[in-house]
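Student: I've got a new model open and I'd like to learn how to read it. Could you walk me through it?

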Amino acid sequence: MSRIDRRFAQLKAASRTGLIPFVTAGDPSPQHAVALMHALVGAGADVIELGVPFSDPMADGPVIQHASERAIARGVGLNDVLRWVAEFRQRDDETPVVLMGYLNPIEIHGYGRFAQQAVQAGVDGVLVVDCPLEESAVLQPLREAGLQQILLAAPTTAPARMVQLCGSAQGFLYYVSFAGITGAARLSTSDIAARVADIRAKSKAPVAVGFGVRDAQSAKAIAGFADAVVIGTALVERLAGAVGVDDIAARAKAFLAPIRAALDAH
Amino acid sequence: MSKIDFSAYPDEHGRFGNYGGSFVAETLMAPLAELTEAYLRLRQDPDFLAELDRDLKYYVGRPSPVYYAERLSQHVGGARILLKREDLNHTGAHKINNTIGQALVARRMGKPRMIAETGAGQHGVASATVAARFGLKCVVYMGAVDIERQKINVYRMKLLGAEVVPVTSGSKTLKDALNEAMRDWVTNVADTFYIIGTVAGPHPYPLMVRDFNAIVGREARVQVQEQFGRLPDVITACVGGGSNAIGLFHTFLNDEQVRIVGAEAAGEGIATGHHAASLAAGRPGVLHGNRTYVLCDDNGQITETHSVSAGLDYPGVGPEHAFLKDAGRAEYVGITDDEALEAFHLLARTEGILAALESSHAVAQAIKLAREYPKDALVLCNLSGRGDKDVHTIAAREGVQV
């Protein structure tokens, strides 16, 4: 059983909603990238989504794009990200790590080489934003090496396609808003609840929802109907500009602790 | 080389051999499927095609002539240089061939709002123009650096009723404008049509934009035969994203005897690293929804490009060009900023034509080719746009106060 599957089984057994923070690897500080990962776990993360910086993150909003730009300006690349995961694994062999990013860095690195190195480093899953199911034949070497391919589902996904996604989902299915920019304002919580309920009925894999979740209140609203909550933009924004390992860890904790508490109180 | 039927591409998945495809986030899959379905139907619809032809004739002013540049040819002292005068189209460039087509698609799909990205501003102006023509709302994303370089076109778009949104992320040029337009589309997909200006992006854009620009080559092939009784020996066009080039090339792809050469922006020289020659100096990768040649570093990060011409300043290229390069059907070479400017001046003085800086790259390449061929040979060059928009850039570069 993979770390991701094991973690969701534990959550289910404990009737808890998972908390999945997203951070851009190397932001706010490459030196403290690993310390930040441990801090996220300390603050209650069940799975870590680690963003691989890319120069042209066309499906992300400006906050995450700027985090990517800052990391790239400090020279962060795929090799660093893999090294940090390996270092993280020296102290944490339980918390699943999903790399989230775009295809070009992996394509340039080489699919086979990436697959082997990622597994060796202790990466559990890969979410390639610009590689939909139709193009994911290129990710076959990753799946063969044992990396789970996390798929996205969206409010625009047609019913027949949703069935296909649910059938192919590994690890968990990530239900996203419209790039987290303004999409969240368009659907009411009850709309989202109905859609997620439909997906959960179809999908073997658990469903994580990222829908403009910014704080304890919005996380709690989603906890009622999702297996896990993904929090990205608001956390990246909170961490931006943090200086030193203590500041970074304190900010991560201050941000995530109330959300963790809200999820557990549900 | 085994025989390839180049008219058979892309396949149903939008692939040109290894290139093309639909590398986009899940949120865009539904709108792309909707667009693909609509466009594949419309491209066979006689009523739609007749409507398009009418607008190309009476609004754009097609056909554009093929002009034998006799004084330029004599000056060069080689083959005869023929210019396909896309600069004479309404709005002054080939870009309107595509925007008219896409606006008609948007209207048939019932989308009242159009968004566009633009580099040099030509596609933005062409989009704003057709939006006004068809009564559609138009928002144009443009890199802040390009806005500075192309003030006249920015003002032109505003006069035409479009909203121009400056993009300040990344390198503040075309690729960043493209990212921002994609985000807008993802957010407002229900009522919005994204009118991409080049033969890149996810399927069906490389197909659709090529179809709408292919009239350039279709006309030119007939015109050259009418005037000279045979096909040209070599054809050339500038390649940024590659829409004017594929427009000229596509009809000629199965004419094996016609040599095809694309001119990319070599900027300050390919060896300096300051260029935008994705095919000549890049490698296969994935950018903006398609697999193609891209300029990137070993971490897969897209690198910043340089060209004196904003319209060629792009780190990717249309996937059909990538396919033609690998298939050996077309050659892609670099033209430096200096060579393009020299060609600009030479064409102005010998023929009384101010070419766009983009098109000046093609003219420079046509001049090089003309020198290689005997005097009775025919070099057909796509003069894709007029140079009025670039007068300030050229003056500034040459230290002239206008």
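Tutor: Let's take the sheet, then one strand, then the chain contact, then a helix pair. This is a predicted model, where local features need pLDDT of at least 70, side-chain atom pairs count only at pLDDT 80 or more, and totals for chains, interfaces and linings use all residues. Residues are numbered from 1 along each chain as its sequence is written, while chains are lettered from A and ligands numbered from 1 in the order in which they are written.

Student: What is the strand order of the open sheet in chain A?

Tutor: Strands of a sheet pair through backbone hydrogen bonds, either parallel or antiparallel. Here nine strands of chain A form an open sheet with parallel pairing, in the order β5-β4-β3-β2-β1-β9-β8-β7-β6. Strands are DSSP runs (E, at least two residues), as are helices (H or I, at least four), numbered from the N terminus; two strands pair if DSSP finds at least two bridges between them.

Student: Which strands of chain A stand at the edges?

Tutor: β5 (148–149) and β6 (151–153) of chain A do; each has a single partner strand, so one side of each lacks a neighbour in the sheet.

Student: And how are the faces of β4 (residues 125–128) of chain A, covered or not?

Tutor: In a regular strand the side chains alternate between the two faces of the sheet. For β4 of chain A, both faces are covered: A:Gly125 and A:Leu127 on one side, A:Val126 and A:Val128 on the other, are all buried (20 or more other C-beta atoms within 10 Å of a residue's own, C-beta atoms being placed from the backbone). Four bridges join β4(A) to β3 (residues 97–101) of chain A in parallel, with A:Leu99 partnered by A:Val126. On β5(A), two parallel bridges do the job, and A:Gly125 stands opposite A:Gln148.

Student: How many residues of chain A are in contact with chain B?

Tutor: 35 residues of chain A are in contact with 30 of chain B (C-beta atoms, placed from the backbone, within 7 Å). On the chain A side, α5(A) gives the most, with six residues.

Student: At what angle do α14 (residues 337–351) and α15 (residues 357–372) of chain B cross?

Tutor: Their axes come within 8 Å and cross at roughly 85° (axes are lines fitted to C-alpha atoms over the stretch in contact, with angles from 0 to 180 degrees between N-to-C directions). That makes α14(B) roughly perpendicular to α15(B) (65 to 115 degrees). Among the residues making the contact are B:Phe344 of α14(B) and B:Ile367 of α15(B).

Terms used:
Two residues are in contact if their C-beta atoms, placed from the backbone, lie within 7 Å. Angles under 35 degrees count as roughly parallel, over 145 as roughly antiparallel, 65 to 115 as roughly perpendicular and the rest as oblique. A residue is buried if 20 or more other C-beta atoms lie within 10 Å of its own, exposed if 12 or fewer, and partly exposed in between; C-beta atoms are placed from the backbone.
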